[in-house]
Amino acid sequence: MNQQVIPVYLMPGMAANPTIFEHIKLPEHQFKLYWLEWKLPKPNESLSSYAKRMCKDIKHDNPVLLGVSFGGILVQEMSKYISCNKIIIVSSVKTKHELPKRMRLLRATKAYKILPTQLLSNIDLLAKYAFGNTITKRIELYKKYLSVSDKMYLDWAIQQVVCWDQDQALDNVVHIHGDNDKVFPFANLGACVSIKGGTHIMIINKYKWFNENLPKLIA
């Protein structure tokens with residue numbers, strides 16, 4: 001591949017498939033996009049072990065890793081095992097301190113272990129859980145983006161988010177966040193690039209902003 005072309009790997013959010021990136025288009029003479037997909041976790045697999053497995057899907061040296069929501073947490077973990085040009089997280093968090101109070105309470109009480117994730121095999125419930133209640137009216141539109149409804153995966157994914165133990169933000173992380181994100185509220189966050197009116201699903205409905213601004217942020 002031409003050394004001038006930067007490989008950019010895109011990791012979707014919890015339960016989502018990479019079609020959430022279907023409208024992300026960057027200049028082809030500068031960037032080549034690669035979609036990553038969730039794998040089923042092994043029993044009792046740690047996030048770091050899972051991240052190492054995901055790194056096997058990275059076929060280029062020094063890539064850009066972009067992750068949405070839980071995918072943003074995952075690419076930060078992946079960057080601990082491979083050299084990265086840049087890590088970009090969208091609608092995500094940089095440390096455990098940026099998690100909302102309700103998630104920290106789930107961790108403290110271990111209540112995440114009794115969440116009824118078997119109900120999330122119902123795609124309507126899964127859509128609301130993954131994208132938030134704000135999308136109820138447009139749920140049909142977003143159903144196509146959710147394909148990972150395996151109970152073991154959902155149990156594992158929720159535990160990894162709630163129990164993520166990152167204490168300090170990593171270097172080389174660019175954090176993009178909407179000021180109307182209900183899953184990871186903007187008020188909890190440290191430094192980030194804010195998008196006015198952006199919700200937790202802004203990678204889908206504000207793709208024009210990303211197409212315009214990602215090249216500059218990567219450069």
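**A walk from helix α8 to an aromatic cluster**

Start by selecting helix α8, where the buried residues are Phe210, Asn211, Asn213, Leu214, Pro215 and Ile218. Keep in mind as you go that this is a predicted model. While α8 is still highlighted, try a quick check of its length: at 1.5 Å a residue, its twelve residues (207-218) should span 16 Å, and the end C-alpha atoms are 16 Å apart, which agrees.

**Next stop: strand β3**

Now select residues 64-68, which make up strand β3. Is this strand mostly covered or not? Five of its five residues are buried, so "mostly covered" is the description to use, since buried means under 20% relative accessible area. Show the side chains and look at both faces: Val64, Leu66 and Val68 point one way, while Leu65 and Gly67 point the other way.

Add the neighbouring strands to your selection. Strand β1 (residues 6-11) runs parallel to β3 and is joined to it by four bridges. To find your place in this pairing, look for Tyr9, which stands opposite Leu65 in β3. Strand β4 (residues 86-90) also pairs with β3 in the parallel sense, over five bridges. Here the residues to pick out are Val64 and, opposite it in β4, Lys86.

To see how the chain gets from β3 to β4, add helix α2 (residues 70-78): β3, α2 and β4 make a right-handed β-α-β unit.

**Last stop: the aromatic rings**

Leave α2 on screen and turn to the rings. The model has eight aromatic pairs. Select Trp38 and Phe70, a stacked pair with 5.0 Å centre to centre and 15° between the planes. Trp38 sits in the loop between β2 (31-35) and α1 (47-55) and Phe70 belongs to helix α2, so this pair ties together parts that are 32 residues apart in sequence. Trp38 counts as buried at 11% relative accessibility, and Phe70 counts as buried at 1%.

Then pick Tyr50 and Trp156. How are these two rings arranged? The pair is tilted, with 4.5 Å centre to centre and 40° between the planes. This pair links distant parts of the chain, with Tyr50 in helix α1 and Trp156 in helix α6 (residues 151-162), 106 residues apart. Tyr50 is buried, with a relative accessible area of 0%, and Trp156 counts as buried at 6% relative accessibility.

Finish by adding Tyr153 to the four rings you have just visited: Trp38, Tyr50, Phe70, Tyr153 and Trp156 form one aromatic cluster.

Terms used. Residues numbered from 1 in each chain as written. Predicted model: local features only at pLDDT ≥ 70, side-chain atom pairs only at ≥ 80, totals over all residues. Heavy atoms only, no water. Helix = DSSP H or I, 4+ residues; strand = E, 2+ residues; numbered from the N terminus. Expected span 1.5 Å × (residues − 1). Buried < 20%, exposed > 50% of the residue type's maximum accessible area, 1.4 Å probe, protein only. Pairing = 2+ DSSP bridges. Right-handed = clockwise from strand over helix to strand, strands pointing away. Phe/Tyr/Trp six-rings, centres within 6.5 Å; stacked < 30°, edge-to-face > 60°.
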